[in-house]
Amino acid sequence: KNGEKKKARSKTKANVKNETINNYNSIDDFFTTVEQKDKEYERKERERKNVEEINKILSNVQYANEHPELEGTFPFGKMNSTTSNSRGPSFRQRNSVSYTQTNNNGDDNNEEFLCESTSLDQNPFGKKWSEITSSIQEKSPFRKFETYSIKTFIAKADDDLRQEVMTMQMIQEFDKIFSEDNTGLKLKPYEILVTSSCSGLVEFLPNTMSIDGLKKKIINTSHSTLNSFFRFFFSTNLEEAQKNFAASLAAYSVVSYIINIKDRHNGNILLDMNGNIIHIDFGFILGISPGNMNFETAPFKLTAEYVDILDGEESPLFDYYKALMVKGFMAARKHYETFETIVYSMANGGNSNMPCFAGRPLGEVMRGFKERFHFEVEDYNYMNVVNDLVKAARTNWRTYQYDVFQKLTNGILP
């Protein structure tokens, strides 16, 4: 057998030599071709492994959906995955282009930020919006107009923004209620203008960056984790930045739970230069989910990284976060009729073709919506509700699995 193997190897070498002589101009050309084939094989192998891992995640989710009694007991744990440059299929694809428009009050130009350093090599956010607008204004022929200002928008195509408008109307109401009740919770409403059944304008938020974009910029630095970056970037004002993070995280936890917002990957969550969390893109609300997979079952997104920024689950800062949530829930449910009116008006008596209403009984949608205000709970017991929700969000294995899925299919970092 050893002799046969040697003969086979010799024959292979001879074939390679003959092939080199007959089909290639030189040995260098031959090895270049071999190297290209190796790279192509490696690329296909990475894609194959990604597909296998995606199918495994989807299989786990499907099994969990079929066996709800086992929720929380799955032994899947965290899945090892490698970053792929290939972009697989996504649930929703959108085309957008950004541009500037002049007619705004220009409030962003006067913002003060908590970050210590604004040099571009240490600041992944880049230049402050005030610096950018000042540079543009200097070159504008309209720069001397008292009403001159600049505002950015994203132009959305192939996208029905009516659902986004309804969600933003509710977020604006939440923000107004939280402010009037002095809850200390922080939201960031923004403008949305529907221009047709499949297009519109969405306000771009300056001085922010998605968690995904931020991680891609810091991945090869000495502060490669979100917690490490946060403590370095806001080092001189860390306590204030942490309080901003807690206040905004509590606000969006309440809003995400009540409106039942899904598709909460790191491309749809922003961090601003004062440490505030901001959620965007509300294509899946009131019980619908990407691909109708019911992938995300956590009441809201609360990752280990968020908890680390708040100094851990046993810290006073984490207690502060939960206390703010209690205040937010208690303030919101006093105004339930306002939110109910917004949803009913957009549902058009159950005849709306918006995704969150289409093919679903309106009574079922509204019943679930009302239940999430927890009217059956007395004010003094609301902390128990929040503790249960925080525990469910913190230990939910699907949150991490969905982030892994988004990494494999869309390159969005967990």
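## Helix 5 and its surroundings

The buried residues of helix 5 pack against a varied set of partners: strand 5 (208-210), helix 6 (226-233), strand 6 (269-272), strand 7 (277-279) and helix 8 (304-309). Here buried means under 20% relative accessible area, exposed over 50% and partly exposed in between (1.4 Å probe, protein chains only), and contact means heavy atoms within 4.5 Å. Helices (H or I, at least four residues) and strands (E, at least two) are DSSP runs, numbered from the N terminus.

This is a predicted model, in which local features need pLDDT of at least 70 and side-chain atom pairs count only at pLDDT 80 or more, while totals for chains, interfaces and linings use all residues. Residues are numbered from 1 along each chain as its sequence is written, and side-chain values use heavy atoms, with hydrogens and water left out.

Which residues of helix 5 are buried? Across residues 211-218, they are Ile211, Asp212, Leu214, Lys215 and Ile218. Seen down the helix axis, these buried residues fall within an arc of 160 degrees, so they line one face of helix 5; the arc is that of the directions from the helix axis to the C-beta atoms. An α-helix has 3.6 residues a turn, so residues three or four places apart point the same way.

## The sheet beside it

Strands 5, 6 and 7 form an open sheet of 3 strands in the order 5-6-7, with antiparallel pairing. Its edges are strand 5 and strand 7, each of which pairs on one side only. On average, neighbouring strands of this sheet are turned by 35 degrees against each other, direction ignored. Two strands count as paired if DSSP finds at least two bridges between them; strand 6 and strand 7 pair in the antiparallel sense over 3 bridges, and leucine 271 stands opposite isoleucine 277 in strand 7.

Helix 7 lies across strand 6 and strand 7, running at about 25 degrees to strand 7. Axes are lines fitted to C-alpha atoms, for helices over the stretch in contact, and angles run from 0 to 180 degrees between N-to-C directions.

## The nonpolar core

Helix 7 (residues 238-259) also gives the most to the largest nonpolar core, with 13 residues. That core has 86 residues, and those with the most contacts inside it are Phe174, Leu302, Tyr321, Phe357 and Phe369. A nonpolar core is a set of buried Ala, Val, Leu, Ile, Met, Phe, Trp, Tyr and Cys residues joined through side-chain atoms within 4.5 Å.

What does phenylalanine 357 touch, leaving aside its neighbours within four places in sequence? Its contacts are Met166, Leu286, Val343, Met346, Ala347, Ser352, Leu362 and Val365.

## Three loop residues

Proline 206 sits in the loop between strand 4 (199-203) and strand 5. At 14% relative accessibility, proline 206 counts as buried. Its C-alpha atom is separated by 9.0 Å from that of lysine 151, 55 residues apart along the chain.

Aspartate 158 has a phi near 55 degrees, a positive value in a residue other than glycine. Aspartate 158 belongs to the loop between strand 2 (151-157) and helix 4 (162-180), and counts as exposed at 58% relative accessibility. Histidine 374 has a positive phi near 55 degrees and lies in the loop between helix 11 (362-371) and helix 12 (382-394). Histidine 374 is buried, with a relative accessible area of 14%.

## The whole chain

The chain holds 13 helices and 7 strands, and buried residues make up 45% of its 414 residues. Among contacts between residues at least 6 apart in sequence, 78% join residues at least 24 apart.
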